[in-house]
Each structure stands twice: as structure tokens, then as C-alpha cells.
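Reader: Hi! I'd like to go through this structure with you before I head back to the bench. Could you walk me through it?

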Amino acid sequence: MITTAVHLQISSTVKSPSQNPDDYARIAEAIQFIQAHRHEQPDLATIAHHIHLSEHHFQRLFSRWAGVSPKRFLQYLTVEYAKRKLAESRSLLDVSLDAGLSSPGRLHSLFVTLEAMSPGEYRAEGEGLAIRYGIHATAFGEALIAITPKGICNVQFLDAEAITDAQAWLQQRWEQAEVIHDPTATEAVGDRLNQSLTSPINKPLPLLVKGTNFQIQVWRALLSLPFGSLVTYQDIANRIGKPRAVRAVGTAIGINPVAYFIPCHRVIRSNGELGGYRWGLTRKSTILGWEASQPQENYETATNR
């Protein structure tokens, strides 16, 4: 078992969605309703009525948040789209590896370095370490963000579990650490969670993650996934050289401690279905739909930086 510091730099030109938690809650409710009634194909007025907004207000809200209309957004949530994207993403990853690039993410705005902590630091289970955390509004709902002097150790969305559960998980994960509620200390990270989608970042964003060698391999593979891409659990197993460890890969992805920045949301089933997500399938749909709705030229701009 090891603990690894991951330094992540994101530089992109894509438009950041609204950070208003009420906006996200309504968007998520609308998407959940649409998916539950997909066979009836509800129209805009029906969806707007369900979330208690006028048709005009809902159209404006959704377009402001996603950058596209609800109808266009829903096209990115179909199984057919997912299957096409899986093939495209796999081809892109293959091309980048053939070109000799150690990280395909470098084609798309990610710069990643890994720094392993000593076995002694791991065995100390956080002894002498101060972890500060806060709850912050993000484009995809409220999130608990926790930081150490060496980097961010936890980002988790809060709809799927109570705040007290998230706090308990954090303390359990770092048993001997001093866990301090200090939202002022984590506020800048909350801002970066959204700003990193809109502007170049000159200083790498450090992440401090704790896991087994296998888990670190899986999370490292996730960091190489380009923005807007989709891969399968089998793809990740192949990528780390363990093609028969698909179930173990799924488990490692399921306990990813840093939401969004380690993009476990980009891994779906081979049949185009979403699979699981620690923070709820509605949120996974929302994140994937938003990423897919960003103009392709934005990816190319990021690539050419």
C-alpha cells in the first residue's frame, strides 16, 4: 500500500456552467425526469412543468447552464451516442500511444506528474497531518473539499450521502490526522473546480491520494482520459496491463477519493449504459452531458496550447 501525490494541471477554454446550486438541482431533477420518461419523450413544456418553471424560464436556465438546448443535451445521453463515443475515444487513445506519448491527456490540457510518499508516511495514517475541509457550491452540486499542506486529498459531492457521513469517511480515511472544518482554507479550491474549466492554470493543482499500488494505477489511467471522452472498465483494465481485472478496476474506480479531477465519470459499460457512480447516476449523466455539449473546437484549442 502506498500514498501518492498527484500533480494535475488543467488548461482549457471550455465554458464553465453556472455554480448556482439551485440551478444544478433543477437541471438534475429535469434530467432524472426525462430519463424516467424517455419512452414517452416528454416535450419542453412537460419537463418545465415538472420542475415548476415556465417553459421560457426553463429553456433559458438550461441553455445558460449547459450551453445548448435541452433537446440537444439529451442527444448526448443516449446509448447510441455513448457507443459512438466509446469507439472514438478508444481510437484517440490508441493514436496517442502509437505516437509515443506517455499520457494521452497531454493532447487535451492535462499535465500530470506523480510523486510517491514514503512507506513511513503511509503507515503513520495521517499522524501529525492537518486536514482542512469545507462545503462548497460547484457546477455539479455541493461538494466537500479537503486539503492538506501537500495537496487536495478529497472532493466528494454530497447528494448521495449526508454531510456527516462524508466527514466520517474523511476521518476514517486519515485516522490519525487532525480534521478541521475550515471552509476559508478550501474556498480557493472550490473556485478552481470551476475556473479550471475556463482559463489556463500556470500552477499545477496538487492532489494527495491514498491507495494500493493497483488503485494508484487505475487512478493514473483515469487522469489520462481526455476531456469529453468515454471508455469502458475493460479499456482501463487493458490500459494498466491487467485485462482480467475488470471487477477490481470497477472497485478502484468506485472509491476514487477526488471527484471530477480524477475523472471516473468517463468510464461506462461496454453496452453504452452508464454503469455505477459513487455520487449518483443522475449526476454522472449531468456531467457527461455537459462535457459532451462543449464545442469540439474548444478541445482543439486546448490541444494546441
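**Helix packing and the core**

Author: Happy to! Let's begin with a helix pair: the axes of H9 and H11 lie 9 Å apart and the two helices pack at an angle of about 75 degrees. That angle makes H9 and H11 roughly perpendicular to each other, since 65 to 115 degrees counts as such. Keep in mind that this is a predicted model.

Reader: Thanks. Which residues in H9 and H11 meet?

Author: From H9 there are Phe214, Gln215, Val218, Trp219 and Leu222, and they meet Ala248, Val249, Ala252 and Ile253 in H11.

Reader: How many of the residues of H9 are buried?

Author: Eight of the 11 residues in H9 are buried, so that helix is mostly covered. The buried ones are Phe214, Gln215, Ile216, Val218, Trp219, Ala221, Leu222 and Leu223.

Reader: And which residues are buried in H11?

Author: H11 covers residues 246–254, and its buried residues are Val249, Ala252 and Ile253. Looking down the axis of H11, you would find these buried residues within an arc of 100 degrees, so they line one face of the helix.

Reader: Is there a general reason why residues on a helix point the same way? What is the spacing?

Author: An α-helix has 3.6 residues a turn, so residues three or four places apart point the same way.

Reader: What covers the buried residues of H11?

Author: The cover includes helix H9 (213–223), helix H10 (233–239) and strand S9 (267–268).

Reader: Let's talk about the core. Which residues touch the most other members of the largest nonpolar core?

Author: Those are Phe140, Val218, Leu222 and Ile236, in a core of 61 residues. If you leave out residues up to four places away in sequence, isoleucine 236 touches Val218, Ala221, Leu222, Leu225, Val231, Val249 and Val267. Another core, of 12 residues, lies apart from the largest one, and its members include Leu129, Leu158, Leu170 and Trp174.

Reader: Zooming out, how many helices and strands does the protein chain have?

Author: The protein chain has 13 helices and nine strands. It is 305 residues in total, and buried residues make up 50% of them.

Reader: What share of the contacts comes from residues 24 or more positions apart?

Author: Among contacts in the protein chain with a separation of 6 or more, such residues account for 71%.

Reader: Can you give me an example of residues that are far apart in sequence? I'm curious about phenylalanine 33 and threonine 282. How far apart are they in space?

Author: Their C-alpha atoms are 9.9 Å apart, with their positions 249 residues apart in sequence. Phenylalanine 33 lies in helix H1 (residues 21–36). With a relative accessible area of 12%, phenylalanine 33 is buried, because that is under 20%. Beyond its neighbours within four places in sequence, phenylalanine 33 is in contact with Pro42, Thr46, Ile47 and His50.

Reader: And glutamine 35, what is its relative accessible area?

Author: The value for glutamine 35 is 25%, so this residue is partly exposed. Glutamine 35 also lies in helix H1, and its C-alpha is 9.0 Å from that of threonine 282, although the two are 247 residues apart in sequence. Leaving aside neighbours within four places, glutamine 35 is in contact with Leu77 and Ser285.

Reader: Switching to tyrosine 81: where is that one?

Author: Tyrosine 81 is in helix H5 (residues 79–98). Tyrosine 81 counts as buried at 14% relative accessibility. Glycine 272 is 191 residues from tyrosine 81 in sequence and 8.0 Å from it in space, C-alpha to C-alpha. Setting aside neighbours within four places, tyrosine 81 is in contact with Gln75, Tyr76 and Ala292.

Reader: A cysteine question, since I always wonder about reducing agents. How many disulfides does the structure hold?

Author: Zero. As for the cysteines, cysteine 153 is buried at 2% relative accessibility, and cysteine 264 is buried with a relative accessible area of 4%.

Reader: Last one, on backbone angles. What is phi for histidine 52 and for tyrosine 260?

Author: Phi is near 65 degrees for histidine 52, a positive value in a residue other than glycine, and tyrosine 260 has a positive phi of about 65 degrees.

Reader: Where is histidine 52, and is it buried or exposed?

Author: Histidine 52 is in the loop between helix H2 (44–50) and helix H3 (55–66), and at 68% relative accessibility it counts as exposed. Tyrosine 260 lies in the loop between H11 and S9, and it is buried, with a relative accessible area of 5%.

Definitions and conventions. Residues numbered from 1 in each chain as written. Predicted model: local features only at pLDDT ≥ 70, side-chain atom pairs only at ≥ 80, totals over all residues. Heavy atoms only, no water. Buried < 20%, exposed > 50% of the residue type's maximum accessible area, 1.4 Å probe, protein only. Helix = DSSP H or I, 4+ residues; strand = E, 2+ residues; numbered from the N terminus. Arc of directions from axis to C-beta. Contact = heavy atoms within 4.5 Å. Core = buried A, V, L, I, M, F, W, Y, C linked by side-chain atoms within 4.5 Å. Disulfide = S-S within 2.5 Å. Axes fitted to C-alpha atoms, helices over the stretch in contact; angles between N-to-C directions. Parallel < 35°, antiparallel > 145°, perpendicular 65-115°, else oblique.
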